[in-house]
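Please look over the structure shown below. The report that follows covers its helices, sheets, salt bridges and backbone angles.

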Amino acid sequence: ARVPAVSVAHIERVREGRQSEGLRKHGAAFPERHCFTLAFKGRRKNLDLAARGEEDARHWVQGLTKLMGRLQAMSQMEKLDHWIHGVLQRADRNKDNKMSFREVKSMLRMLNIDMDDVYASKLFKVPTLYCTASCARCCHLLPQHRELTNSSHRSHPLPPRLEELFGRYSGEDRVLSAEELQDFLRDQGEDSSLRQARAIIRTYELNEKAKQQDLMMLDGFMMYLLSAAGDILNQEHTKVHQDMSQPLSHYFISSSHNTYLTRNQIGGTSSTEAYVRALRAGCRCVELDCWEGSDGEPVVYHGHTLTSKILFRDVIESIRDSAFEKSPYPVILSLENHCGLEQQATMARHMKAILGDRLLTQPLQGQDPHSLPSPEQLKEKILVKGKKLPELWQEPEGVTTLLDPEEEEEEEEEEEEEEKVQERSPRRVRDFPRDVVVGDHGTLAKDASQVSPELSALVVYCQAVPFPGLAQALRHPQPCQMSSFSERKARKLIKEAG
C-alpha cells in the first residue's frame with residue numbers, strides 16, 4: 001500500500017531493529033538489521049519499515065537522523081523558509097510544481113488571508129502566470145508576494161502591544177539602533193551589552209541593508225521575540241538545573257496512571273508503545289497492572305474490562321530500551337499486582353533477566369538507612385514499587401498475606417469510572433470479587449493477596465503500605481514506605497488534621 005508523505009519535522013525518533021511492538025509481533029520474517037521504525041510526535045502511530053538490505057536500512061536511519069538534526073539546528077530565517085516551502089507544497093494540489101490561481105486562493109485560505117478574488121487575480125497575473133512551488137524562497141522574489149504579504153498585514157495587523165513596544169524604544173523613525181535595542185534588553189533583565197544587541201540584530205534582522213548598519217526593523221524585532229532567545233522561559237531551564245542531591249522524597253515525580261492504555265479505560269488498546277511515549281515525554285514513574293496470563297506468563301491490562309492484554313515481559317523490554325533516553329534519573333515501576341505466587345515469581349525473573357544491572361535489588365552501599373538516596377545517586381537505576389514481606393517472616397509456606405495499600409484508592413477510582421461509563425453506555429462489564437483474579441481461561445488465582453519472596457526481594461526503596469494516618473507517620477517516619485490514596489482521601493486527611 002502507498003504510504004502518505006510525512007514531514008521529517010513530525011518524526012520524533014528513528015528506532016533501529018525490531019524495537020517497536022509491531023515489528024516484534026509481525027516482523028519475524030525480516031532480518032533484524034533490515035528493520036527500523038519511525039516514531040512520530042503526538043499520538044500518530046509508528047511507521048514500521050523493512051529495507052531490502054542492511055546497508056539500505058543504515059543509509060535510511062543515518063539520513064533521517066541527519067535531517068532531524070538539521071531541522072533542530074535551523075535559524076529563525078531558515079525555519080521561515082521551511083514553513084513557506086511547506087505551505088506551497090500543500091497548496092500545490094496536483095503536484096505539477098506550479099501554482100494555478102485556484103491553488104493560490106487555497107493557499108490564501110490556509111494563511112487566513114481574506115482577499116477579494118478580483119484583486120487577487122490581478123496580482124496573480126503580474127508578472128507571470130505561474131509560480132514555481134519547488135523554490136522555498138520564490139515568494140520572497142515575486143512582486144505579487146510582497147503585495148500579498150502587505151495585504152496579509154492589513155487583514156491581520158500585528159498585535160498593538162508589539163507595535164507600541166517597538167515604537168517606545170525606536171522613536172519616530174520606527175527603526176531600532178543597537179543602542180536602543182540595548183535599552184530594551186536592559187529593561188527586560190537580559191544581557192544588555194552592546195555586543196549582545198549587535199549579535200541579535202545580525203541573527204534576526206531580515207533586511208540586509210539594515211543588518212549591515214546594525215539596525216533592526218519591526219519584522220526583525222518580531223522574529224527575535226518569536227525565537228527561543230525571546231521566549232519567556234529561560235533556555236537554561238529546558239534541561240535539569242535544580243539540585244538533584246536531595247532525598248528522593250523531596251521531589252515531585254512525573255507519574256503516569258494506567259500507562260499501558262492508548263485509549264479509554266474500558267475497551268481501549270493496551271500497548272508497549274504507550275510506555276515508550278510516556279518515558280520519552282519525561283515520565284519517571286509508570287504503572288503496570290499485572291494479572292494472571294495463559295502459559296504461565298503474566299499480562300498487563302486494565303482488569304475486569306475489555307481492554308486488550310500485553311505480556312509483562314514485553315513491557316519490561318520496552319522499558320529497558322526507553323527508560324533513560326530522555327533523562328538519566330531513576331525510573332519507578334509501580335506494580336499493581338493481581339497475580340498468584342507462581343506468576344509473581346515469573347515477574348521477578350523477567351525483571352532481573354531483562355533489566356540486569358539497571359534493576360536496583362539492594363540498598364546503596366553506605367547509604368543512611370534513615371534517609372532515601374537522591375536522584376543523583378540513583379541515576380540509570382530502575383526501582384520497583386510494591387508490597388514487601390516483613391523482614392522476620394515465619395510463614396510455614398514462605399508467603400505472607402498483606403493488605404493492598406492501593407485498594408482503597410483503586411476502589412474509589414473504579415466507582416468514579418463506573419459512574420461515568422454508566423452515564424455514557426448501557427453496556428457494563430461484569431464485576432468480580434476483588435480478592436479473586438480471573439485468568440485468561442477462567443482460572444482463579446486465589447493467592448493474589450499474597451506476595452512471593454522473589455518479588456518482595458526486588459522492593460528496596462519503594463515499599464507500598466496502607467497509610468497509617470498522619471499522626472503515626474509523623475511519629476514514626478519510615479522513609480522507604482509509601483502510600484497511595486485518592487484526592488478525595490487526601491482532602492479528608494487534611495481536613496481531619498486541621
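## Helix 8 and its surroundings

Gly-171 follows helix 8 and has a positive phi, near 80 degrees. Helix 8 itself spans residues 160–170, and its buried residues are Leu-162, Leu-165, Phe-166, Gly-167, Tyr-169 and Ser-170. These buried residues pack against two strands and two helices: strand 4 (176–177), strand 5 (215–216), helix 9 (178–187) and helix 12 (218–226). All of this refers to a predicted model.

## Overall make-up

The protein has 498 residues, of which 41% count as buried. Its secondary structure comes to 19 helices and 14 strands. When contacts between residues at least 6 apart in sequence are considered, 63% join residues at least 24 apart. The accessible surface comes to about 29,300 Å², and carbon and sulfur atoms account for 51% of that area.

An unreviewed UniProt entry lists residues 79–114 as "domain: EF-hand". In the model, this span is 64% helix and 0% strand, and its end C-alpha atoms lie 24 Å apart.

## The seven-stranded sheet

Seven strands make up an open sheet of mixed pairing, in the order 8-7-6-9-10-13-14. Strand 8 (310–311) and strand 14 (481–482) are at the edges with a single partner strand each, so one side of each has no neighbour in the sheet. Within the sheet, strand 10 (residues 382–386) and strand 13 (residues 462–464) run parallel and are joined by two bridges. Lys-385 stands opposite Cys-462, which is in strand 13.

Helix 13 (residues 272–280) lies across four strands, namely strand 6 (285–291), strand 7 (299–300), strand 8 and strand 9 (331–337). The angle between helix 13 and strand 6 is about 165 degrees.

## The hairpin of strands 2 and 3

Strand 2 pairs with strand 3 (residues 47–50) in the antiparallel sense, over four bridges. The bridge partner of Leu-38 is Leu-47, in strand 3. Six residues lie between the two strands of this hairpin, where Gly-42 takes a positive phi near 75 degrees.

## Salt bridges

The structure holds 21 salt bridges. One of them joins Arg-18 and Glu-32, with the closest N and O atoms 3.5 Å apart. Arg-18 is in the loop between strand 1 (11–16) and helix 1 (21–26), while Glu-32 is in the loop between helix 1 and strand 2 (35–40), so the pair ties together parts that are 14 residues apart in sequence. Arg-18 is partly exposed at 25% relative accessibility, and Glu-32 is partly exposed at 39%.

Helix 1 also holds the residues of a salt bridge between Lys-25 and Glu-21 (4.0 Å, N to O). The two residues are four apart in helix 1, which means that about one helical turn separates Lys-25 from Glu-21. Lys-25 counts as exposed, with 54% relative accessibility, whereas Glu-21 counts as buried, with 13%.

Glu-376 and Lys-379 form another salt bridge, in which the closest N and O atoms are 3.0 Å apart. Glu-376 is partly exposed at 37% relative accessibility, and Lys-379 is partly exposed at 33%. Elsewhere, a network of salt bridges links Glu-12, Arg-13, Arg-280 and Glu-325.

## Positive phi outside glycine

Most residues other than glycine have a negative phi. Asn-258 is not a glycine, yet its phi is positive, about 50 degrees. Asn-258 is found in the loop between helix 12 and helix 13. At 5% relative accessibility, below the 20% limit, Asn-258 counts as buried.

His-304 is also a residue other than glycine with a positive phi, near 65 degrees. The loop that holds His-304 runs between strand 7 and strand 8. The relative accessibility of His-304 is 17%, so this residue counts as buried.

Definitions and conventions
Residues numbered from 1 in each chain as written. Predicted model: local features only at pLDDT ≥ 70, side-chain atom pairs only at ≥ 80, totals over all residues. Heavy atoms only, no water. UniProt positions renumbered as here; feature names shortened; annotations may be inferred. Salt bridge = Lys/Arg side-chain N within 4 Å of Asp/Glu carboxyl O. Buried < 20%, exposed > 50% of the residue type's maximum accessible area, 1.4 Å probe, protein only. Contact = heavy atoms within 4.5 Å. Areas by Shrake-Rupley, 256 points an atom, 1.4 Å probe, with all protein chains shown as cover. Pairing = 2+ DSSP bridges. Axes fitted to C-alpha atoms, helices over the stretch in contact; angles between N-to-C directions.
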